[in-house]
Each structure stands twice: as structure tokens, then as C-alpha cells.
Amino acid sequence: MNVTRGFTGRRRVSRPGLPPGQYDAGDDWPVLSAEVTPDLAPADWSFRVDGLVERPHTWSWDEAHALPGSAYEGDIHCVTGWSKFGVRFGGVSLDAFLSVVGPHVSATHVLARSHTGYTANLPLADLTGGRAWIAWSYDGGPLAQEHGGPARLIVPHLYFWKSVKWVAGLTLLDHDEPGFWEGNGYHERGNPWQEQRYRGD
Amino acid sequence: MPGRIAVSEQVAATWQTATLTEVRRETPYASTFRLAVPRWAGHLPGQHLMLRLTAEDGYVAQRHYSIASAPDDSGHIELTLDRVPDGEVSGWFHTVARPGDTIDVRGPLSGFFAWPGDRPALLLGAGSGIVPLMSMVRHHRARGLSVPLRMLVSARSPEELIYSGELGAETTAVFTRSAPAGVPVGRMSATHVAPLLAERPPGGWEAYVCGSNGFAEHASRLLVAAGQPVDRIRIERFG
Ligand SMILES: Cc1cc2nc3c(=O)[nH]c(=O)nc-3n(C[C@H](O)[C@H](O)[C@H](O)COP(=O)(O)OP(=O)(O)OC[C@H]3O[C@@H](n4cnc5c(N)ncnc54)[C@H](O)[C@@H]3O)c2cc1C
């Protein structure tokens, strides 16, 4: 590591809960997606879980909302360097969806996909045990389109590119298969605490 | 979502030392920083890198920057940084950096917003969003490519248009605050985009949009409204 001449840095208090290499975005919520923001109405949104499951199932907006509600309150971390503290997402825990479909014992990984064709891969274990949500509200209001509304996946303990916007479904697999950014050189798992940004980290 | 371009396997997992060799003023608010990176693996126009500054007490700041220069074998790359008011990293570059300074970089990153020069390209940028697009324009020129390339850029004023002296017939500039005599002032609009889409080359355009999120939303909607297929629009948002 090179010390940069004359660089002192501005944010001197490193906040507890800030993973290495991240900065606190404060009130900002930058938008980083490589696609055109889709005009997706709640009535046109659906969520399907299939692949290595007993009973593949598709939920409409109303059916998904009929599941028991659950919220995430905490921090999120984007691979581009910002973190956002104390965010509040409302929706349904992914466990509720998975208990309906019944994952096979052979299922180890998941490919999540969006209504726009974006994909991200995740170990199944990162989506269970109350650690992942399908979220449609942010801070008490509807989730904005540019942030993935009407509904997105939330996996807050991994870098946020895994939290697929405009989420359309999950396919359970018995192997890992790179998604969109993983195929573009990003890390397979993306744990912010281990700075798993790019392939090989 | 458009298909991806394969990234080289020697992805930038490792940090390397870059030495600043030259600083060039582009506008009152933007400068170009030329870096010697002897082990640079090469890049495709449109790719970016991650840059890291380290303070004496170990405090680290890292940011992403697009690569402005065309791929060449000089062992140098160029970045163009906007001076963000109160910016931690851009502030250091604009007020402290001088030739001989060393910084850490890793890259190139992401094969998605990259243009190898294979398909007709329609480039829309605003402010420092012109940086990765200029790498494409420079590549097109350096290689003497004949594949169609058109660029539409937005700047506040002619003085703030980055690379203004280097832009040619492929570029149309739109000014939002003040413009040369006879040129209307205003936002990029359907009237700017429609003629470019009407020029539709065989196979159609691959569109590249780069800038702030607000600009990216606006420009990508203009493209869609003018008939550009959604799955042939690639967007790089600076945040
Ligand atoms: C893929 C990618 C490529 C990029 N390429 C370029 C490039 O070629 N040239 C270039 O100049 N910049 C580029 N950027 C932006 C760059 O990464 C930095 O965000 C920018 O230089 C500001 O950093 P800073 O440390 O100077 O400011 P900071 O210290 O991070 O912030 C300065 C002020 O702005 C606020 N702020 C922080 N981040 C942002 C933001 N993203 N937007 C608005 N306000 C913010 C802060 O709260 C603060 O008040 C790129 C970003 C991405 C993601």
C-alpha cells in the first residue's frame, strides 16, 4: 500500500458498521444500474420460484402481499463504495416464499432474475434464515422505480448488486452459475466485510 | 438487457501503482490526469477502474473513474476528473496532485459498458459522462474504423464542454445554460435524438448513455421514446 502524498482524507471518523473501503452516503441513495428503468406496474409484476423445488409457484402482486409481512431495518453496501445506514424496507421474508415451494435437498444455489433480464447468483444459504426479503416499500412509502420498484430482492449482508431490482423470480440450482455482473468480472459472492468486489478477491 | 462482452480473465484483482506523469486542464472544473501504469493489462473503450488514495494513518478512500484514453500500448492511461465541490478524492487530484505522485489503481473493470469498435455506436453523455464515450471516439479515430459512430453531449456552457477542442463532425453538443450565438439553450430533447435514430445504420445502433443518474434516466427515456430497443441501451451512472 502506497501512502498518497498530501492526502489526509475528509471523513476522519470511521463509522462502526462501515465495511472496509466504503464511505457513508448519508442521505444520498445513488442509483447504479446498467439498464433502462422499466415502467412496471404492480399489476404486471409477478414473482416465480422454480428449479429444484417440490412445487414451483408464481405469486401475483396481491398474492405476495397476502403473505405475512416482514421488514428489514439496517444498513446496505454498494460495491461502488457507498454504504447507507438505517434504511427501512418492508415486504415479505424470502423464507415465506421458500416454505411454499419446498426446496429440494439438492438445491445449493439460486439464480435470481429481474423483469428486465438482469440476473445475480447467490448461495441458497444466503437467502434463508431471515436474511433476505422481497421488498416493496422503502421508509414507509412505495419503493421508487429507479430503486427497483414495484418490488426488489433485498440481501443486505451482501453487496447490493445481488439485491436484484424489479425481481421476477428465483431458480434453485444444484450448482453455481454466474449472473450478469459476475459474468462481467465481479465476485461470485460479494461479502462487503471481506471486500469481495471482483473475481479473485 | 444487452448481451455482455467477454472480459479478459486477467481481471484486476490486484492493485498496482500508477505514477502521475501529466496534468492537463480541460475546463475550469475538469482536468485530465495521465498515469504511467507499466503493468496495465489494456482495456476496452468504456471501461473504468478503481482508484485508491491512502493517508499516512492508513485511512483509505476509493472511487471509480472511467478511462478517457483509447487503448494503446504506451503503458499510460488517462482519467478526466470533475472537481466535485468538497470532494474527497477529486479534491486531492485538483488541489494537491502533481507529476511524480503515486496512487493505487485496479482495473480495467466491467465488460458491460465497453465498446470494442464492432457495432455502430450512438453515444449520449452529459458533464463528465463524456469521459468513457471519448475513449470510444478516440479509439474509432486511432484505428480508422469505418463503423458508424455518433455522439450527443450535454454541457452547461461551451467553456464547460470537456474535450471541446477535440470533438469533430461525429459530435453534436447541447448547452443547458449558455450557448454560442445562434445555438439554442436547453436540455437534450427528442429533437436532438430523433435525427440520429433516423440515420439508423444497418443492424441498428448500440446506444451508450453516461452521466449522473438524472441524466441517464432522461436520456434513456428519450432513446426509448424515439424507438431505440431497450435491450440495446447500455447505461453507466456515475451515481
Ligand atoms: C463507474 C463510475 C465511473 C465514474 N467515472 C468518473 C469520471 O470519469 N470522472 C469523474 O469526474 N467522476 C467519475 N465518477 C464519479 C466518481 O467516482 C466520484 O463519485 C466523484 O469523483 C466524487 O468523488 P469525491 O471523492 O471527489 O467526492 P466525495 O467526497 O465522495 O463527495 C463530495 C460531495 O458530493 C456528495 N457526493 C458523494 N458522491 C456523490 C455522487 N456520486 N453524486 C453526487 N454527490 C455525491 C458528498 O456527499 C459530498 O458532499 C464515476 C463513478 C462511477 C460509479
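How far apart are the mean positions of the positive and negative charges of chain A? They lie 8 Å from each other, with 17 positive and 23 negative charges counted. Keep in mind as you look around that this is a predicted model.

Let's turn to the fold. Chain A holds three helices and eleven strands. Starting at the N terminus, the order of elements is β-β-β-α-β-β-α-β-β-β-β-β-β-α. The radius of gyration of chain A is 17 Å, close to the 17 Å that the globule rule gives for 201 residues, so the chain is as compact as a globular protein of that length. The C-alpha trace spans about 60 × 35 × 30 Å along its principal axes.

Now for the annotated part. An unreviewed UniProt entry places the feature "domain: Oxidoreductase molybdopterin-binding" at residues 37-181 of chain A. Over residues 37-181, strand makes up 41% of the chain and helix 10%. The C-alpha atoms at the two ends of this stretch are 17 Å apart.

Here are some percentages for chain A as a whole:

| Property of chain A | Value |
|---|---|
| Residues that count as buried, of 201 | 57% |
| Contacts with a separation of 6 or more that join residues 24 or more positions apart | 68% |
| Exposed area supplied by carbon and sulfur atoms | 52% |

The last row refers to an exposed area of about 7900 Å² for chain A. As for the contacts, the 68% is a share of those with a separation of 6 or more, and it belongs to residues 24 or more positions apart.

Methods
Residues are numbered from 1 along each chain as its sequence is written. Chains are lettered from A and ligands numbered from 1 in the order in which they are written. This is a predicted model: local features need pLDDT of at least 70, side-chain atom pairs count only at pLDDT 80 or more; totals for chains, interfaces and linings use all residues. Side-chain values use heavy atoms; hydrogens and water are left out. UniProt positions are given in the numbering used here, feature names are shortened, and annotations may be inferred rather than shown by experiment. Helices (H or I, at least four residues) and strands (E, at least two) are DSSP runs, numbered from the N terminus. The radius of gyration is taken over C-alpha atoms; the globule rule is 2.2 Å times the number of residues to the power 0.38. Buried means under 20% relative accessible area, exposed over 50%, partly exposed in between (1.4 Å probe, protein chains only). Contact means heavy atoms within 4.5 Å. Accessible areas come from the Shrake-Rupley method with a 1.4 Å probe; for residues, only the protein chains shown count as cover. Lys and Arg count as positive and Asp and Glu as negative; His and the chain ends are not counted. The place of a charge is taken as NZ of Lys, CZ of Arg, CG of Asp or CD of Glu.
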